[in-house]
Amino acid sequence: MGALEFLRAAGTAVGILVLNLAISFGAVAWYSVFGDPGHGAPYYEAAAQWIAPLSSIVFGWLLFLLAMLAMSRKPARDALVFALTTFAVYAAIDLSVIGAMGGISVLAPTIALSLSSKLAGAVGGVWVAGR
C-alpha cells in the first residue's frame with residue numbers, strides 16, 4: 001500500500017468516525033425528545049454514557065460495511081488491505097480517545113464488541129463487493 005492509499009484509508013477512517021459520532025449525538029437527541037423527554041441536561045449527559053456506545057455497536061459495523069463496499073470497487077486497490085488499514089486507523093483513534101478519557105478498563109467488553117463488529121463490517125464490505 002502506497003502513501004496515497006494509506007491517506008485515503010485514514011481519511012475514510014476519520015469519515016466513518018465522524019459519521020458514527022453524529023449518529024450517536026442523534027441517538028441521544030432522539031432519546032431526549034421521544035424516548036424519555038422532560039429531564040434536564042445532566043440526565044441526558046448521563047444517558048449518553050450508555051446510548052453512545054450502544055449506537056456505535058449498532059451502526060458502526062454498517063458504516064464500515066458500506067464504506068468498504070464503496071471503496072472496494074476500485075480494481076487496482078487491494079480491497080482487504082485497504083479495509084484492514086482503515087479499521088486499524090479507526091481503532092487507533094478510538095482507543096486513543098477512550099484511553100485519554102481513562103475509560104478503557106471500564107469499557108473493555110463494550111470496546112471489544114464494538115471494534116469486533118466494525119472489523120466484521122470492514123471485511124464484510126470487501127466480501128460483499130466480491131473482492
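**Notebook: a first look at the chain**

I started with the order of elements: from the N terminus on, the protein chain runs α-α-α-α. That comes to 4 helices and 0 strands; helices (H or I, at least four residues) and strands (E, at least two) are DSSP runs, numbered from the N terminus.

A note to self: this is a predicted model, where local features need pLDDT of at least 70 and side-chain atom pairs count only at pLDDT 80 or more, while totals for chains, interfaces and linings use all residues. Residues are numbered from 1 along each chain as its sequence is written, and side-chain values use heavy atoms, with hydrogens and water left out.

Next I checked the extent: the C-alpha trace spans about 55 × 30 × 25 Å along its principal axes.

How many of the residues count as buried? I found 37% of the 131 residues, with buried meaning under 20% relative accessible area, exposed over 50%, and partly exposed in between (1.4 Å probe, protein chains only).

Then I looked at contacts (heavy atoms within 4.5 Å). Among those between residues at least 6 apart in sequence, 76% join residues at least 24 apart.

I turned to charges, counting Lys and Arg as positive and Asp and Glu as negative, without His and the chain ends. The chain has 6 positive and 5 negative side chains, and the centres of the two sets lie 18 Å apart, by my lookup.

Last, I picked out one residue, L7, in helix 1. Is L7 buried or exposed? L7 is exposed, because its relative accessible area is 57%.

How values were computed
Charge placed at Lys NZ, Arg CZ, Asp CG, Glu CD.
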